[in-house]
Amino acid sequence: MLYLLASGGLLSFNTGFAIWIAISLVVFLLIMMKFAMPPIMQALEGRETKIRESLEAAEVALAKAEAISKDNEKALREAESKAHQIRKEAMDDAERIRNERVAKAKDEAEQIIEQAKADIEQEKQSALVTLRKEVANLAIQSATMILDAELDVEKNQKLVDNYINDLTKN
Amino acid sequence: MIRQTMTNYLKFFYTLLFVVLLGSASSYAADAEKESDSPIDIMGTVADHDYFTFFGKKLYLPRLFLWENDLGELKFSTYSSTKKAIASGEFIDIDHVITPVTGHMVIDFSLTSHLIYFWFGLGALALLVMFAGSRYKKGIGSDTAPRGAIQNLFEIFYEFIRDEVAKPNLGDKYRTYVPYLFTMFMSIAFMNSFGLLPWAATATADITVTAVLAIFTFLVTQFSGTKDHWQHIFWFPGVPLGVKFLMIPVELIGLFTKPFALAIRLFANMMSGKIMIIAILGLIFIFNEMYGNIAAYSVSVFSVVITSILYILKLLVAILQAYIFTLLSAVFIGMAAEEHEHDHKHDEHIHADLSV
Amino acid sequence: MGLLAAGIGAGIVAVGAGIGIGLIGKGAVESIARQPEASADIRGAMILTAAFIEGVALFGAIICIILALG
């Protein structure tokens with residue numbers, strides 16, 4: 001069994017060995033720092049920036065989409081309220097028109113009824129007049145027949161008229 | 001279904017662990033029997049060797065010596081193994097230390113098992129990085145999601161170092177230090193994990209290796225130190241003149257304790273784990289020698305169970321210590337590279353940033 | 001004598017580290033009980049701090065090894 005470091009046991013510092021290690025470590029570190037690591041670091045950082053950028057872009061797009069959908073919703077609500085208003089207006093109009101029509105029709109009807117009443121009254125009056133005349137005539141004729149020229153026509157006429165007037169008064 | 005396969009895997013893993021541990025214990029014992037009177041060789045398992053075990057065979061490593069002979073001439077000799085060196089007649093083995101027959105050793109440049117495992121650690125990291133790099137070059141992972149276990153694992157560790165270690169401690173300048181921190185973390189983690197293999201050596205259980213690693217962190221810290229960092233060491237701001245002089249030695253000592261603690265922490269953790277396992281497995285052979293076969297068999301049940309638990313703990317510690325080494329490196333570098341608030345340049349910097 | 005010192009030292013180191021890690025565990029468990037949603041962060045901090053204490057304990061252990069071997 002051969003310890004290289006037997007003089008100091010486990011805790012001795014071996015210069016030759018240390019030089020070997022220092023040289024290999026320097027060479028290795030230089031290779032790692034100059035050639036091996038930078039491309040890997042760049043690749044990983046590139047990937048990370050790409051991921052971060054795409055995440056940010058996605059967030060922006062999401063915000064945009066949200067804004068758009070909010071706008072759409074707003075427009076929809078506006079349209080709805082407009083439609084509601086229009087419908088209400090239309091209903092009001094219809095109501096108004098209907099009321100007007102109804103009122104007009106009522107008026108017309110009343111007018112017609114009044115006209116009819118007036119006509120009826122007139123007819124009645126004229127009928128009454130005619131009837132009166134007829135009655136008078138009949139009375140005169142019958143009286144003439146009865147009296148047979150005892151009286152002149154004029155005096156009889158006057159008599160009958162008075163009588164009829166009395167009749168109507170009573 | 002998944003749970004079923006998981007438990008199956010776990011069972012398989014535990015069985016494997018038991019077999020491996022029993023095998024390794026017997027190989028340690030066999031080693032020890034030949035070479036010393038003690039039934040088990042604890043120090044031999046953590047010490048550096050001139051050979052490297054490969055599928056149960058010892059491959060002897062070349063020895064390189066820079067030495068000075070009697071005449072004061074510097075000589076550089078290379079031998080394919082220790083035996084050859086001794087056979088050449090120029091070197092002898094005094095208490096397991098190779099010394100020249102005449103003159104003295106200047107620097108022993110011999111390749112050792114720990115150096116080989118250090119290279120294995122770096123090599124494993126190099127393979128991983130090359131694999132990941134080729135994937136990213138092809139566009140897998142850079143344009144699309146990463147694919148496969150290895151690339152995902154690579155990304156987990158890389159992003160862990162970048163986001164959890166470098167970013168919080170180093171601020172805006174973290175990009176420069178990520179390769180250094182990642183290399184340190186991964187190579188230490190690989191070296192620690194190689195140490196879990198029963199036949200392998202743990203390179204980080206060697207004070208020389210951890211010291212060199214800590215020295216690197218120390219150098220990086222000092223080279224990235226701002227004016228402010230040096231001012232804090234040699235002319236502490238905001239205290240009376242006498243205290244300023246008092247603070248110089250305190251700060252200077254603090255400067256060197258940090259890497260020292262870094263080196264000792266990693267070394268002691270890795271070595272103690274290894275020693276603990278050898279000691280517990282060694283109980284089997286100690287009992288065998290002292291009380292006979294039956295005692296050894298009964299102890300082995302206890303020993304192997306404890307060792308399997310320790311192995312899981314060691315796996316955790318292997319990653320954790322690499323993380324702590326890297327985290328503390330980042331903290332020290334961050335402290336040195338930080339520009340303090342009372343610094344006017346810093347304020348201007350902020351204003352400049354805001355104006356842009 | 002060196003072995004004796006090493007043994008006593010290692011024992012004291014273990015006591016200190018045990019108290020330290022026990023306090024960390026106590027604090028962590030109490031914090032997790034108070035804030036179960038932060039348990040992942042607390043566990044990470046706990047492991048890290050425990051590792052620091054372990055490092056200090058191992059400094060002591062190293063000194064003991066030096067004493068035992070020297």
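This passage looks at three sites in a predicted model: two in chain B and one in chain A.

A convenient place to start is Ala205(B), which sits in the loop between helix H6 (174-194) and helix H7 (207-223) of chain B. Although this residue belongs to a loop, Ala205(B) has a relative accessible area of 4%. Because buried means under 20% relative accessible area, Ala205(B) counts as buried. Setting aside neighbours within four places in sequence, the contacts of Ala205(B) are with Val46(B), His114(B), Phe267(B), Met270(B) and Met271(B). One of these partners, Met271(B), lies 66 residues away along the chain, yet its C-alpha atom is separated from that of Ala205(B) by 4.6 Å.

Moving on from the loop, helix H7 of chain B holds Thr217(B). Thr217(B) is also buried, and its relative accessible area is 1%. When neighbours within four places in sequence are again left aside, Thr217(B) is in contact with Tyr180(B), Leu262(B), Phe325(B) and Ser329(B).

Chain A offers a view of the surface. Here a patch of negative charge is formed by Asp107(A), Glu108(A), Glu110(A) and Glu114(A). One member of this patch, Glu110(A), is found in helix H1 (residues 15-147) of chain A. The relative accessibility of Glu110(A) is 46%, so this residue is classed as partly exposed. Glu110(A) thus contrasts with Ala205(B), which is buried at 4%, and with Thr217(B), which is buried at 1%.

Methods:
Residues numbered from 1 in each chain as written. Chains lettered and ligands numbered in written order. Predicted model: local features only at pLDDT ≥ 70, side-chain atom pairs only at ≥ 80, totals over all residues. Heavy atoms only, no water. Helix = DSSP H or I, 4+ residues; strand = E, 2+ residues; numbered from the N terminus. Buried < 20%, exposed > 50% of the residue type's maximum accessible area, 1.4 Å probe, protein only. Contact = heavy atoms within 4.5 Å. Patch = residues over 30% accessible without salt bridge, like charges linked within 9 Å, V, L, I, M, F, W, Y side chains within 5 Å. Areas by Shrake-Rupley, 256 points an atom, 1.4 Å probe, with all protein chains shown as cover. Salt bridge = Lys/Arg side-chain N within 4 Å of Asp/Glu carboxyl O. Lys, Arg positive; Asp, Glu negative; His and termini not counted. Charge placed at Lys NZ, Arg CZ, Asp CG, Glu CD.
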